[in-house]
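Trainee: Could you take me through the packing around one helix, slowly and residue by residue? I would like to see what sits against it, and then what lies beyond.

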Amino acid sequence: MSGTGEVLFDDGFHKVIMFCDLVEEDDHIEAVQSNQFLIVHGDSGILLDPGGAMTYNKLYMAISHYFSPKKLSAIFASHQDPDIVASLSRWLSFSDTKLIISELWTRFVPHFCPEGKTTDRIIPLHDKGIWMTIEGAEYGFIPAHYLHSEGNFQLYDPISKILFSGDLGVSLVDPKQVATPIKTFKDYIPYMEGFHQRYMISNKACRLWAHMIRELDIDMILPQHGSPMLDKQVIQDFISWVAQLRCGVDLVDQDTYQIPKLRMPIEDMKVV
């Protein structure tokens with residue numbers, strides 16, 4: 001993939017670009033692979049889940065191929081994790097962009113920034129979500145609470161018919177294979193199941209999301225980690241799988257909650 005990312009949609013005015021190789025593993029760092037997405041609309045755009053310091057420089061340069069980064073209209077953060085928005089301070093310093101995030105996290109994300117940096121720069125999303133017009137294009141900020149964060153949103157772009165699904169739909173594949181779209185959903189279940197069982201809160205949340213999301217006309221689902229879903233059948237199979245998934249609190253019992261029996265000095269602990 002080039003430094004300009006992979007263009008997944010382009011109608012001549014509206015583009016969607018995926019970046020999946022900006023986090024590089026080496027002998028000292030094993031950071032989680034993450035995808036960043038840029039929606040270009042005319043001469044400005046929205047950056048989705050931009051990540052942390054590891055992605056900032058390359059992402060800034062990549063955006064400059066499409067428009068001046070200073071013209072960035074908004075950053076959307078699906079939730080509050082460091083791999084989502086830890087670079088916020090730098091984006092706020094070098095553009096006039098606003099941050100769009102759940103109202104639950106508006107008092108937490110300032111911890112990523114020097115004091116005062118986020119003043120009048122955060123647009124809070126109420127729990128029920130909203131359709132918001134940005135630079136002439138309307139986007140749906142779709143509630144996906146507890147999948148996995150307490151205050152969690154997905155973004156739906158009706159022009160490209162893409163759902164940016166955050167951590168729902170993650171597949172823990174080899175980083176070299178991330179750009180390869182999922183062609184047969186059942187082949188990817190082994191790369192999805194463990195992650196979703198641990199990070200999603202419950203089948204109730206999954207079922208409610210699946211019932212809601214079927215109302216949208218979706219051509220692509222793009223998760224924040226792993227491979228994209230660009231096929232209608234794959235998307236339907238994924239939604240059906242999510243609807244029946246047992247996960248999170250469905251799987252815990254008293255064995256999960258026990259006082260630890262193991263004792264060990266810190267010198268003997270494994271360091272990663």
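**One helix and its surroundings**

Mentor: Start with the cover. The buried residues of α5 are covered by elements that include β9 (137-143), β10, β11 and α6. Keep in mind that this is a predicted model.

Now the helix itself. α5 spans residues 203-213, and its buried residues are Asn-203, Ala-205, Cys-206, Trp-209, Ala-210 and Ile-213. Viewed down the axis of α5, these residues fall within an arc of 160°, so they line one face of the helix. The spacing has a simple basis. An α-helix has 3.6 residues a turn, so residues three or four places apart point the same way. Turn to the other side of α5. There you find Lys-204, Leu-208 and His-211, which are exposed. Leucine 208 is worth a glance: Leu-208 is exposed, on the side of α5 away from its buried residues.

Next, follow the buried side inward. Nonpolar side chains tend to be buried together in soluble globular proteins. Here the largest nonpolar core has 56 residues. Trp-209 is among the members that touch the most others, along with Phe-76, Phe-141, Phe-164 and Phe-238. Helix α6 (residues 232-244) gives this core its largest share, seven residues. α6 is also one of the elements over the buried residues of α5. A separate core lies apart from this one; it has 25 residues, including Val-40, Tyr-56, Leu-92 and Leu-99.

α6 also links to another helix. Cover for the buried residues of α4 includes α6. α4 runs over residues 189-199, and its buried residues are Met-192, Phe-195 and His-196. Down the axis of α4 they fall within an arc of 95°, so they line one face of that helix. Pro-190 and Arg-198 are exposed on the face of α4 turned away from the buried side.

Go back to Phe-164. Set aside neighbours within four places in sequence. Phe-164 then contacts Val-16, Phe-37, Ile-39, Leu-48, Gln-154, Leu-155, Asp-157 and Leu-222. That list takes in charged Asp-157 and polar Gln-154 as well as nonpolar partners.

Phe-164 also leads to a void. Rolling a probe the size of a water molecule over the atoms shows where empty space is left. Counting cavities of 30 Å³ or more gives one. The largest cavity holds about 60 Å³ of space. It is lined by 13 residues, and those closest to its centre are Leu-48, Asp-49, Phe-164, Ser-165 and Gly-166. The lining divides into seven nonpolar, five polar and one charged residue. β10 (153-157), β11 (162-166) and β12 (220-223) each supply at least two lining residues. β11 gives the most, three. So where do the helix and the cavity share elements? β10 and β11 help cover the buried residues of α5, and β10 and β11 also supply lining residues of the cavity.

Now look at the connections between these strands. Lys-161 sits in the loop between β10 and β11. Its phi is near 60°, a positive value in a residue other than glycine. Most residues other than glycine have a negative phi, and most peptide bonds are trans. Lys-161 has 29% relative accessibility, so it counts as partly exposed. Phe-9, in strand β1 (residues 6-10), reaches this region. Beyond its neighbours within four places in sequence, Phe-9 is in contact with His-14, Lys-15, Val-16, Ile-159, Ser-160 and Ile-162. Val-16 is also a contact of Phe-164.

β9 has its own local features at the loops on either side. Before it, Glu-135 lies in the loop between β8 (130-134) and β9. Glu-135 has a positive phi of about 50° although it is not a glycine. Its relative accessibility is 53%, over the 50% cut-off, so Glu-135 counts as exposed. After β9, His-148 lies in the loop between β9 and β10. The peptide bond from Leu-147 to His-148 is cis, with omega near 10°.

To close, retrace the path. The buried face of α5 carries Trp-209. Trp-209 and Phe-164 both belong to the largest nonpolar core. Phe-164, in turn, is one of the residues closest to the centre of the largest cavity.

How values were computed. Residues are numbered from 1 along each chain as its sequence is written. This is a predicted model: local features need pLDDT of at least 70, side-chain atom pairs count only at pLDDT 80 or more; totals for chains, interfaces and linings use all residues. Side-chain values use heavy atoms; hydrogens and water are left out. A nonpolar core is a set of buried Ala, Val, Leu, Ile, Met, Phe, Trp, Tyr and Cys residues joined through side-chain atoms within 4.5 Å. Buried means under 20% relative accessible area, exposed over 50%, partly exposed in between (1.4 Å probe, protein chains only). Helices (H or I, at least four residues) and strands (E, at least two) are DSSP runs, numbered from the N terminus. Contact means heavy atoms within 4.5 Å. On a 1 Å grid over the protein atoms alone, a cavity is a set of points where a 1.4 Å probe fits but cannot get out, and a pocket is an open set with protein on both sides within 12 Å along at least five of seven lines; lining residues have an atom within 4 Å of a point. Grid points are joined across faces, edges and corners, and a volume is the space filled by probe spheres set on the points. The arc is that of the directions from the helix axis to the C-beta atoms.
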